[in-house]
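Trainee: I should like to take a close look at one part of this model and then see how it sits among the other features. Please give the reasoning in full.

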Amino acid sequence: MTIEVIAVGGYEEIGKNMTAVKVNDDVVIFDMGIHLDRLHIHEDTDIARMHSLDLIERGVIPDDTLMREVDGKVRAIVCTHGHLDHIGAIAKLAHRYEAPIIASPYTLALIEKTIKSERKFKVNNPLKTLNPGEKLQISPNLTLEFVRTTHSIPQTITAALHTPEGVIVYANDFKFDNHQMVSPPPDYRRFRELGKKGVKATILDTTNIKEKNQGKTHSEKIARDLLKDVLKGPLEERKGLIVTTFSSHIERIQAITKIAERSRRKIMILGRSMERYCSLAESMGILNLPRNVSLYGNSKAINKALSRANDNRSKYMLLVTGHQGEPDALLPRIANNKTNYEIRPGDNVIFSATTIPNPINIANRDLLDRRLRERGARVYNNIHVSGHAGPEDLRDFVRMLNPQHLIPAHGDLSNLAAFVELAEQEGYKLGNDVHILRNGQAQVFNR
């Protein structure tokens with residue numbers, strides 16, 4: 001029996017994730033994501049009318065044309081969570097494969113929305129729900145298992161593909177967080193059981209591998225405590241108050257709204273993607289929004305809400321998109337006086353997000369910061385903890401699973417190389433049992 005891991009996307013960049021695993025004649029695809037940097041794409045960007053070939057050429061979605069050379073039947077498309085860098089290309093690529101799309105309920109609901117909004121392609125793949133802790137046989141030789149883990153979006157899973165030659169574990173993305181409000185802790189016991197059963201190979205997230213000063217990624221409990229401290233004064237002042245974070249970060253949105261619930265301010269959540277992620281999470285019982293929260297997704301409703309907030313600044317807290325400084329997102333538009341809400345001296349703007357480290361984001365974010373300060377705002381930066389495993393979390397994970405082989409993913413070459421250094425500290429050796437792949441390359445494991 002031959003097992004082949006094919007790196008389609010996400011092995012030369014952070015984003016655009018797509019991996020295929022071939023076991024004899026059966027193929028399973030894990031994730032189909034976009035690379036947000038390439039088109040200045042952010043969470044409110046609509047790519048529904050763009051063609052897949054154009055997006056591939058621009059490096060926005062994985063170049064899956066290499067799959068034409070893979071001799072085998074795709075049995076399933078498996079998505080680990082609902083971030084765009086993991087599901088954003090589903091509507092552009094999934095129709096090429098006669099296979100079901102399998103994901104946890106919240107992830108699948110987000111995928112369904114993406115498919116319904118698609119204007120170029122018709123996606124008729126069956127949609128199948130698999131809950132964390134459940135298994136599904138997808139071919140005579142393959143069984144898929146979802147293992148509960150944590151990240152910065154609810155119902156993130158680690159996928160375990162059971163084969164006759166051992167388990168293939170796909171862990172893109174994850175963190176180890178025992179103190180989230182909307183998500184239970186990772187299933188450490190199951191990870192250890194898989195390690196004892198026999199893990200053939202693990203493909204894992206290296207986004208934070210270079211954060212050596214941090215070691216282990218902090219829990220969301222730390223972010224909640226930081227937000228409580230930072231928001232205490234601004235919530236009581238009679239000034240404008242704006243908070244921005246990732247619209248998909250339901251855990252963080254839950255924390256922010258709960259902290260502000262006890263204040264006299266009404267909370268406006270503004271932005272198309274904010275409305276999409278939050279309304280869906282609320283309808284599924286994942287997010288529990290306080291009574292003083294209103295959601296606005298379309299531009300006309302947002303403009304009216306901003307006018308009300310501008311006239312009664314001390315009565316509202318705005319929770320908006322635009323934390324990366326994307327020019328057409330809501331916060332930069334506010335900062336540039338392109339909305340009905342103006343920044344005034346003494347207003348408070350809180351960034352509960354970190355700047356994603358690429359040149360475009362850094363430049364946009366710096367410009368936004370300067371615009372806000374020029375207008376007299378007080379700016380609070382990086383009130384945030386990461387959603388990705390730190391180096392010591394990765395070490396713990398490797399020790400739990402004890403895989404025969406390791407394949408780092410979700411990073412550029414410097415990330416992958418930094419992981420090799422950690423793996424060699426754990427007794428692995430580059431080219432022997434830890435393998436660096438580039439997009440379009442494959443690693444074969446023979447019996």
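Which residues gather in a patch of positive charge on the surface?

Mentor: The model is a predicted one, and every statement that follows should be read with that in mind. The patch of positive charge on the surface is a gathering of Arg238, Arg264, Lys266, Lys300, Lys304, Arg308 and Lys315. Helix H9, residues 299-311, supplies the largest share of this positive patch, namely 3 residues. Lys304 is a useful residue on which to fix the eye, since its place is in helix H9. The relative accessible area of Lys304 is 54%, and a residue counts as exposed when this value is over 50%, so Lys304 is exposed.

A strand offers the opposite case. In strand E10, residues 166-171, 6 of the 6 residues are buried, so the strand is largely enclosed by the rest of the structure. On one side of the pairing scheme, strand E9 (residues 157-163) is joined to E10 by 5 bridges, and the two run antiparallel. Within this pairing, Ala160 has Val169 in E10 as its bridge partner. E9 and E10 also form a hairpin, with 2 residues between them. E10 has a further pairing with strand E11, residues 199-205, again over 5 bridges but in the parallel sense. There, Tyr170 stands opposite Ile203 in E11. E10 thus takes part in an antiparallel pairing with E9 and a parallel pairing with E11.

Charged side chains also meet in pairs. A search of the whole structure finds 25 salt bridges, and three of these may be followed individually.

The pair of Asp26 and Arg75 forms a salt bridge in which the closest N and O atoms are 2.9 Å apart. Asp26 belongs to strand E3 (residues 26-30) and Arg75 to strand E4 (residues 73-78), so this pair ties together parts that are 49 residues apart in sequence. Asp26 has a relative accessible area of 9% and is therefore buried, the cut-off for that term being under 20%. Its partner Arg75 counts as partly exposed, at 33% relative accessibility.

Arg371 and Glu374 form another salt bridge, with 3.9 Å between the closest N and O atoms. Both lie in helix H11, residues 359-374, where they are 3 residues apart and so are separated by about one helical turn. Arg371 is partly exposed at 26% relative accessibility, whereas Glu374, with a relative accessible area of 53%, is exposed.

Arg399 makes a salt bridge with Glu426, and here the closest N and O atoms are 2.8 Å apart. Arg399 lies in helix H12 (residues 391-401), while Glu426 is in the loop between helix H13 (413-425) and strand E19 (442-446), so the pair ties together parts that are 27 residues apart in sequence. The relative accessible area is 54% for Arg399, which is exposed, and 22% for Glu426, which is partly exposed. Elsewhere, salt bridges with shared partners join Glu145, Arg189, Arg190 and Glu193 into one network.

To return to the part you asked about, Lys304 is an exposed residue in helix H9, the helix that provides the largest share of the positive patch.

Notes:
Residues numbered from 1 in each chain as written. Predicted model: local features only at pLDDT ≥ 70, side-chain atom pairs only at ≥ 80, totals over all residues. Heavy atoms only, no water. Patch = residues over 30% accessible without salt bridge, like charges linked within 9 Å, V, L, I, M, F, W, Y side chains within 5 Å. Areas by Shrake-Rupley, 256 points an atom, 1.4 Å probe, with all protein chains shown as cover. Salt bridge = Lys/Arg side-chain N within 4 Å of Asp/Glu carboxyl O. Lys, Arg positive; Asp, Glu negative; His and termini not counted. Charge placed at Lys NZ, Arg CZ, Asp CG, Glu CD. Helix = DSSP H or I, 4+ residues; strand = E, 2+ residues; numbered from the N terminus. Buried < 20%, exposed > 50% of the residue type's maximum accessible area, 1.4 Å probe, protein only. Pairing = 2+ DSSP bridges.
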